[in-house]
Amino acid sequence: MSEQLTTKQVAEHNTVEKGLYIIVDKDVYKLDSFVDEHPGGAKILKRVGGKDASKQFWKYHNESVLKKYGPKLKVGTVKEEAKL
């Protein structure tokens with residue numbers, strides 16, 4: 001399943017109960033089932049829930065992490081929004 005989501009839709013999934021979505025480089029990942037597995041702890045993921053976490057992600061991870069976990073966690077991409 002790969003859908004186009006607005007940043008507002010991603011922001012609505014800002015807790016584990018709501019699905020815990022994050023954005024990394026325009027891709028949207030659903031992490032509610034991954035928080036307990038995250039080596040850095042659940043607290044870090046919960047802090048960036050519903051937000052673009054690209055900067056924080058790349059600070060601590062490399063490409064291999066996305067290759068390993070991305071396919072099973074990715075739910076879509078961020079829809080380009082019209083700029084007024």
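**Strand order and two buried helix positions**

The side chain of Ser-54 forms a polar contact with the side chain of Asp-52, at 2.6 Å. Like everything described here, this contact comes from a predicted model. Ser-54 belongs to helix α3, which spans residues 54-60. Its relative accessibility is 10%. Residues under 20% are classed as buried, so Ser-54 counts as buried. Beyond four places in sequence, Ser-54 touches three residues by name: Ile-23, Val-24 and Asp-25.

Two of these contacts, Ile-23 and Val-24, lead to strand β2. Strand β2 covers residues 21-24. Both of its faces are covered. Tyr-21 and Ile-23 are buried on one side. Ile-22 and Val-24 are buried on the other.

The third contact of Ser-54, Asp-25, lies in the turn between β2 and β3. These strands form a hairpin, with two residues between them. Asp-25 has a positive phi of about 50 degrees. Strand β3 comprises residues 27-30. It runs antiparallel to β2, and four bridges join the two. Within this pairing, Ile-23 has Val-28 of β3 as its bridge partner.

Strand β3 also pairs with β4, residues 74-78. This pair is antiparallel as well, and three bridges join it. Here Tyr-29 has Lys-74 of β4 as its bridge partner.

The sheet is open and contains four strands. Their order is β1-β4-β3-β2, and the pairing is mixed. Strands β1 (3-5) and β2 stand at the edges. Each has a single partner strand, so one side of each is left without a neighbour in the sheet. From one strand to the next, the twist averages 40 degrees. For β2, the edge position goes together with buried residues on both faces.

A second buried helix position is Leu-45. This residue is found in helix α2, residues 42-48. Its relative accessibility is 7%, and Leu-45 therefore counts as buried. Apart from neighbours within four places in sequence, Leu-45 is in contact with Leu-20, Leu-31, Phe-34, Val-35 and His-38. Val-10 precedes Leu-45 by 35 residues along the chain. The C-alpha atoms of Leu-45 and Val-10 are separated by 14 Å.

Definitions and conventions: Residues are numbered from 1 along each chain as its sequence is written. This is a predicted model: local features need pLDDT of at least 70, side-chain atom pairs count only at pLDDT 80 or more; totals for chains, interfaces and linings use all residues. Side-chain values use heavy atoms; hydrogens and water are left out. Buried means under 20% relative accessible area, exposed over 50%, partly exposed in between (1.4 Å probe, protein chains only). Contact means heavy atoms within 4.5 Å. A polar contact is a pair of N or O atoms within 3.5 Å; within protein, one must be able to donate a hydrogen and the other to accept it, and residues adjacent in sequence count only if both atoms are side-chain atoms. Two strands pair if DSSP finds at least two bridges between them. Axes are lines fitted to C-alpha atoms, for helices over the stretch in contact, and angles run from 0 to 180 degrees between N-to-C directions.
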